[in-house]
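The following exercises concern the structure shown below. Work through each task before reading its solution.

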Amino acid sequence: MPTSRPGIDVLLHEDRVFRPGRNFTAGANQGDPAIYGRAARDPEAFWASMARELTWSRPWKKVLEWTPPHARWFVGGRLNASVNCLDRHLGGATRNKAAIIWEGEPGDDRTLTYAQLHREVCKFANVLKGLGVAKGDRVTLYLPLIPELAIAMLACARIGAVHSVVFGGFSAESLRDRINDAKSTVLVTADGGYRRGAQVPLKRTADEALHGSPCVRHVVVVRRDNFPIDVQEGRDHWWHRLMQHASADCPAEAMDSSDMLYILYTSGTTGKPKGIVHGTGGYMVGAFATARWVFDLKPPDVYWCTADIGWVTGHSYVVYGPLANGATVFIYEGAPDWPDRGRFWELCHKHGVTIFYTAPTAIRAFMRWGIEWPAKHDLSRLRLLGSVGEPINPEAWMWYHKYIGGERCPVVDTWWQTETGMIMITPLPGITPTKPGSATRPFPGVSAEVLDDAGKVIKHGGGYLAITRPWPGMLQTIYGDDARYLQTYWSRWDNKTYFPGDGARRDRQGYFWLLGRVDDVLNVAGHRIGTMEVESALVDHPSVAEAAVVGRTHELKGQALAAFVTPKDGITVDTRLSDELKGHVVKKIGALARPDDIIFTAELPKTRSGKIMRRLLKDIAEGRTLGDMTTLADPSVIHALKQKYQEE
Ligand code: WT7
């Protein structure tokens, strides 16, 4: 199938083009290339046609109301997200089809059909009501990757409560900050979870967080596996006890299209995480439509997105998008290398996975582990592969295509963000020729450009990625901070062009090649981490006077964190302190933000006005020759630092 085409670009590497196979196109949910032009000519009509596929309790009056930078989609329409994910599938054959197939890390498993999932969701919705949760109230979910997480999300959606999922790897302090920012009244957690054979004591971490979160009145605890926990009478309740007596009859709240569905916190350039707010109607249409066309979901498919539900990928492409399509979703609690490096491939075979969606950082780890692991398992049922989270390097793309996809599966590299809510730049597997390393072109109805500093369109070449029209999955605001919403996303050029914070290049066919972040945000193993957050955590340690964190290229994680730290006077610097600081960051933020390198320095390189010159620190961390140093106040600092970094 690969057709190598005579060079337009001189780079051989980027010249490989993979055209959709004829059979794939013939059977695809979207196989007509004319869709791009049709959607571009009238995006609102296009999105309305997708919206009509969903169930509304009241039709919308207007598709889009755009008062930059705020958009309202499907104005006046009413719907419920849980009805669209569940109730509407109960009439026909989907009723008794698996909605969720789950496997725990130790090998325990559970399957919930659409009818069973609906029942659990209705019961838990009644449990929440019983705890005083009403429409508009916030509920924080801090759980392992178990079906109860999806159940709790959909239960919130059913009664119009707003969920805020906090990834189970976050620390007590991160959890506390997120609970307090959202002012949640209920927290749902578990006694624990499993990760790489170890028990993760979620309830203990939650207890620690709750010391500083007086807004939480009730804690519901899922019993994952009899982990020891402390119970605070009156506040803490077992999930299974509450569910015993809950009614399975729970009418769904008819939500306004613009009502909040959820808040999800993500890193920004300042220390405080941003509560990204997603609405109901537009978000559901975006998640539904993209899941349908990008993943080509069909009734017999078994679809596995390896992301944790705690990230946006899990919200849109484990829960809302696939379930709105009536798909069978597989989820797995644990690590890919537990008990051995073939676990993912064993799971693919065992559960008959046909569509597999993962991150480049995982693909690079699989590459390093070697082809013997996938080779041990039968992966012949796979028919489509996806990638998300960071730029995928062409080698990793080719490896994925060859060794996981057996050279027969299209690979969709999907660019999007927590803020966009839905996939924005992606191939459509039945239509779009792919090039390894390129996310190709915007989804129909989405408008993207590459702009220069002044906002001028760059037709070929590099610049800033920009989204030039509102899209249905678009964030509504930053929770409690609309000024920051405007400032962060809309003030780069004018107040009607969205700035995602990524650099991009366009080739001669207009394909988009994503280049990574251009702001002070790093992408470590597919997760966004603000350098400021890590710096604040370091400076919070009593031995630290000042810290600057930069990213350096890392073979597996994409980027790794290098922290330059100035200790306070009289502090002895040794590896113990360095370990302690790493541990401190883990405690403040979570293991995902642990610095890879800590370099102690008496002084940080600064400009005469006192600004830390991160660019030079980055040069050092990357082992590059140092760039322009003319603005540096004291050049000797940087030379000493460079020498030191090389020695370590
Ligand atoms: C940032 C968003 C959305 C899912 C997971 C991450 C980077 C995401 C790609 C891709 C190049 C990508 C961008 C983006 N990113 N997908 N296919 N190619 N870069 O969500 O934590 O909100 O991070 O991830 O830099 O801005 P997120």
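**Exercise 1.** Determine which residue forms a salt bridge with Arg224, and describe where the two partners lie in the chain and how accessible they are.

*Solution.* The model is a predicted one, and every value used here is computed from it.
Step 1. A salt bridge requires a side-chain nitrogen of Lys or Arg within 4 Å of a carboxyl oxygen of Asp or Glu. Arg224 meets this condition with Asp108, since their closest N and O atoms are 2.9 Å apart.
Step 2. Arg224 belongs to the loop between strand S13 (218–222) and strand S14 (236–238), whereas Asp108 belongs to the loop between strand S6 (98–103) and strand S7 (109–113). The two residues are 116 residues apart, and the pair thus links distant parts of the chain.
Step 3. Residues under 20% relative accessible area count as buried, and those over 50% as exposed. Arg224 is therefore buried, because its relative accessibility is 11%. Asp108, at 31%, is partly exposed.

**Exercise 2.** Locate the partners of the salt bridge between Lys606 and Glu546, and state whether each is buried, partly exposed or exposed.

*Solution.*
Step 1. The side chains of Lys606 and Glu546 come to 2.9 Å, N to O.
Step 2. Glu546 is part of strand S30 (residues 544–554), and Lys606 lies in the loop between strand S32 (597–600) and helix H19 (614–622). The residues are 60 residues apart.
Step 3. Lys606 has a relative accessible area of 25%, so it is partly exposed. Glu546, with 27%, is also partly exposed.
Step 4. For the wider picture, the structure holds 37 salt bridges. Some share partners, and in this way Glu103, Asp109, Arg343 and Lys350 are joined into one network.

**Exercise 3.** Describe the surroundings of the ligand, and identify the polar contacts of Thr414, Thr418 and Asn523 with the ligand.

*Solution.*
Step 1. The ligand is surrounded by 17 residues, the closest being Asp413, Thr414, Thr418, Arg517 and Arg528. By type, the shell comprises 6 nonpolar, 6 polar and 5 charged residues.
Step 2. Helix H11 (312–324) and strand S27 (512–517) each contribute at least two residues to this shell.
Step 3. A polar contact needs two N or O atoms within 3.5 Å. A polar backbone atom of Thr414 is 2.8 Å from a nitrogen atom of the ligand. In the side chain of Thr418, an N or O atom is 2.6 Å from a ligand oxygen. For Asn523, a polar side-chain atom is 3.4 Å from an oxygen atom of the ligand.
Step 4. On its own, the ligand has 550 Å² of accessible area, of which the protein covers 95%.
Step 5. Arg517, listed among the closest residues, also forms a salt bridge with Asp502, with N and O atoms 3.1 Å apart. Asp502 is in strand S26 (residues 502–506) and Arg517 in strand S27, 15 residues apart. Asp502 is buried, because its relative accessibility is 7%.

**Exercise 4.** How many disulfides does a search of the whole structure find?

*Solution.*
Step 1. A disulfide is a covalent bond between the sulfur atoms of two cysteines. To be counted, the sulfur atoms must lie within 2.5 Å.
Step 2. The sulfur nearest to that of Cys305 belongs to Cys348, 12 Å away. Cys305 is buried, at 2% relative accessibility.
Step 3. For Cys348, the nearest cysteine sulfur is that of Cys409, 10 Å away. Cys348 is buried as well, with 4%.
Step 4. Neither Cys305 nor Cys348 is in a disulfide, and the search finds 0 in the whole structure.

Conventions
Residues numbered from 1 in each chain as written. Predicted model: local features only at pLDDT ≥ 70, side-chain atom pairs only at ≥ 80, totals over all residues. Heavy atoms only, no water. Near = heavy atom within 4 Å. Polar contact = N/O pair within 3.5 Å; in protein donor to acceptor, adjacent residues only side chain to side chain. Areas by Shrake-Rupley, 256 points an atom, 1.4 Å probe, with all protein chains shown as cover. Helix = DSSP H or I, 4+ residues; strand = E, 2+ residues; numbered from the N terminus. Nonpolar A, V, L, I, M, F, W, Y, C, P; charged D, E, K, R; others polar. Buried < 20%, exposed > 50% of the residue type's maximum accessible area, 1.4 Å probe, protein only.
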